[in-house]
Amino acid sequence: MEKITKEKVRAFMPTRERDSYKGSYGRVLFVGGNEHMGGAIILAASAGVYSGAGLVTVATHPSNKAALHARLPEAMFVDMTDSRQLKHYVESMDMIVLGPGLGRDETSLAVLQTVYETVKSYQILLVDGDGIYLHVNETVPEPDATLILTPHLGEWRTLTHLAPDDQYDDVNLGYAKQLNAIVVLKKARTEVYCDDEVWENTTGNPSMATGGMGDTLAGMIGGFVPQFDTLKEGVLSAVYLHSYIADDLSLTHYVTLPTAIIEEIPKVMKEFSTDKHRRWL
Ligand SMILES: NC(=O)C1=CN([C@@H]2O[C@H](COP(=O)(O)OP(=O)(O)OC[C@H]3O[C@@H](n4cnc5c(N)ncnc54)[C@H](OP(=O)(O)O)[C@@H]3O)[C@@H](O)[C@H]2O)[C@@H](O)CC1
Ligand SMILES: Nc1ncnc2c1ncn2[C@@H]1O[C@H](COP(=O)(O)OP(=O)(O)O)[C@@H](O)[C@H]1O
Ligand SMILES: [Mg+2]
């Protein structure tokens with residue numbers, strides 16, 4: 001099992017070119033947030049923007065539009081229940097993050113099916129939260145995109161029917177391949193199953209055990225992957241820094257709020273970047 005370490009993330013962190021623009025850093029669509037759980041997709045999209053994604057659009061229930069723009073004016077809005085509009089936006093994206101706060105009813109399923117039917121092989125699709133529930137429990141088409149799944153232990157059990165004691169690395173890796181997905185298995189020491197490799201995080205603490213923490217990780221992965229040299233380096237770095245920030249906050253905070261972690265992302269990415277003293281003359 002490889003360890004995700006500070007040195008490795010330092011080496012993964014990209015250095016921005018002076019002649020770059022927002023299109024250089026990814027077009028990302030966040031899809032989720034029914035009328036009861038708009039917070040989940042706002043957290044995910046906020047984490048994506050604060051991670052440096054070039055252009056972020058949020059496809060969510062219209063009731064969340066005002067809250068989204070109040071919290072995150074950098075993001076654009078589209079009505080996720082308008083399948084024609086949703087399809088149009090999915091087609092223009094580098095990466096789609098689907099599932100935080102999506103819900104599990106027929107409207108949620110229709111949204112997931114539209115995304116699954118539309119994504120192409122050159123795109124990356126991350127499925128989290130209720131998206132995982134629907135992926136397992138409903139009849140859905142096989143999405144053509146590169147698939148990343150980010151289950152917590154309960155969702156992993158739903159995906160694999162594996163009891164916690166049977167979740168050995170090699171068994172988990174076998175299921176990841178069966179699912180044709182990169183798997184981020186969220187736990188006290190999160191594991192990443194990718195390219196026939198198993199990686200274990202070296203950061204994280206129980207102050208993170210609060211709602212919205214996984215939505216935030218999904219957003220960081222969505223923001224990192226289009227910027228990093230490889231998909232794997234983006235996923236590993238997001239997993240590491242999400243918990244690295246929480247570790248730092250937990251020195252003075254009993255619980256680390258997802259919104260507090262999001263605020264720290266740009267500063268910590270700079271700390272891990274080699275261009276931290278460069279002056280853009
Ligand atoms: N602000 C918002 O809008 C928020 C919105 N959210 C959205 O809510 C949606 C549902 O996601 P969810 O994980 O909250 O509930 P769910 O998938 O029904 O759990 C399924 C089962 O798994 C179990 N289980 C969970 N963790 C486990 C663990 N580590 N280890 C072991 N078991 C574990 C758990 O067990 P139990 O708690 O019953 O012991 C339960 O039985 C999703 O779309 C998400 O984005 C949330 O992000 C919160 C903030
Ligand atoms: N005790 C813990 N130690 C380290 N990380 C934790 C701990 N408890 C929860 N986490 C992290 O918090 C996140 C929880 O994800 P998830 O359950 O999907 O949250 P939500 O769906 O509420 O946003 C994961 O990234 C997990 O690794
Ligand atoms: Mg979750």
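The paragraphs below lead through a predicted model, from its nonpolar cores to its helices, loops and surface.

The interior is a suitable starting point. In soluble globular proteins, nonpolar side chains tend to be buried together. The largest nonpolar core here holds 56 residues, and the members that touch the most others are Phe 30, Ile 148, Val 192, Ile 221, Val 235 and Leu 241. Helix α10 gives the most to this core, contributing 11 residues. A second core, separate from it, has 34 residues, among them Leu 86, Ile 96, Tyr 116 and Leu 179.

Ile 148 shows how one residue can join distant parts of the sequence. When neighbours within four places in sequence are left aside, Ile 148 contacts Met 95, Ile 124, Leu 125, Leu 126, Val 127, Ile 182, Val 184, Ile 221, Val 225, Leu 231 and Val 235. Two of these partners, Ile 221 and Val 235, are themselves named with Ile 148 among the core members that touch the most others.

Helix α2, residues 38-50, merits a closer look. Its 13 residues should span 18 Å at 1.5 Å a residue, because the expected span is 1.5 Å times one less than the number of residues, and the C-alpha atoms at its ends are indeed 18 Å apart. Of these 13 residues, 11 are buried, so the helix is largely enclosed by the rest of the structure. The buried residues are Gly 38, Ala 40, Ile 41, Ile 42, Leu 43, Ala 44, Ala 45, Ser 46, Ala 47, Gly 48 and Val 49. They pack against two strands, β2 (27-31) and β3 (55-60), and against three helices, α3 (65-71), α9 (213-224) and α11. Just after α2, Gly 52 adopts a positive phi of about 100°.

Helix α6, residues 130-137, also has buried residues: Asp 130, Gly 131, Ile 132, Leu 134 and His 135. These pack against α5 (106-118), β6 (124-127), β7 (146-149) and α7 (153-160). On the α7 side, Thr 158 lies within that helix. Thr 158 touches Val 136 and Asn 137, not counting residues up to four places away in sequence. Thr 158 and Tyr 133 are separated by 25 residues in sequence, yet their C-alpha atoms are 7.6 Å apart in space. With a relative accessible area of 29%, Thr 158 is partly exposed, because that value falls between the 20% limit for buried residues and the 50% limit for exposed ones.

The backbone deserves attention in two loops. Most residues other than glycine have a negative phi, and most peptide bonds are trans. His 161, in the loop between α7 and α8 (169-178), has a positive phi near 60° although it is not glycine. Its relative accessibility is 68%, so His 161 counts as exposed. Asn 180, which occupies the loop between α8 and β8 (181-185), likewise has a positive phi, about 55°, without being a glycine. Asn 180 is exposed as well, with a relative accessible area of 56%.

The path ends at the surface. Tyr 254, Val 255 and Leu 257 make a nonpolar surface patch of about 370 Å². Leu 257 belongs to the loop that runs between α10 (231-249) and α11 (258-271). Its relative accessibility of 44% is why Leu 257 counts as partly exposed. The two helices beside this loop have already appeared above: α10 gives the most residues to the largest core, and α11 packs against buried residues of α2.

Technical notes
Residues are numbered from 1 along each chain as its sequence is written. Chains are lettered from A and ligands numbered from 1 in the order in which they are written. This is a predicted model: local features need pLDDT of at least 70, side-chain atom pairs count only at pLDDT 80 or more; totals for chains, interfaces and linings use all residues. Side-chain values use heavy atoms; hydrogens and water are left out. Patches are made of residues with over 30% relative accessible area and no salt bridge: like charges are joined within 9 Å, nonpolar side chains (Val, Leu, Ile, Met, Phe, Trp, Tyr) within 5 Å. Accessible areas come from the Shrake-Rupley method with a 1.4 Å probe; for residues, only the protein chains shown count as cover. A salt bridge is a side-chain nitrogen of Lys or Arg within 4 Å of a carboxyl oxygen of Asp or Glu. Helices (H or I, at least four residues) and strands (E, at least two) are DSSP runs, numbered from the N terminus. Buried means under 20% relative accessible area, exposed over 50%, partly exposed in between (1.4 Å probe, protein chains only). Contact means heavy atoms within 4.5 Å. A nonpolar core is a set of buried Ala, Val, Leu, Ile, Met, Phe, Trp, Tyr and Cys residues joined through side-chain atoms within 4.5 Å.
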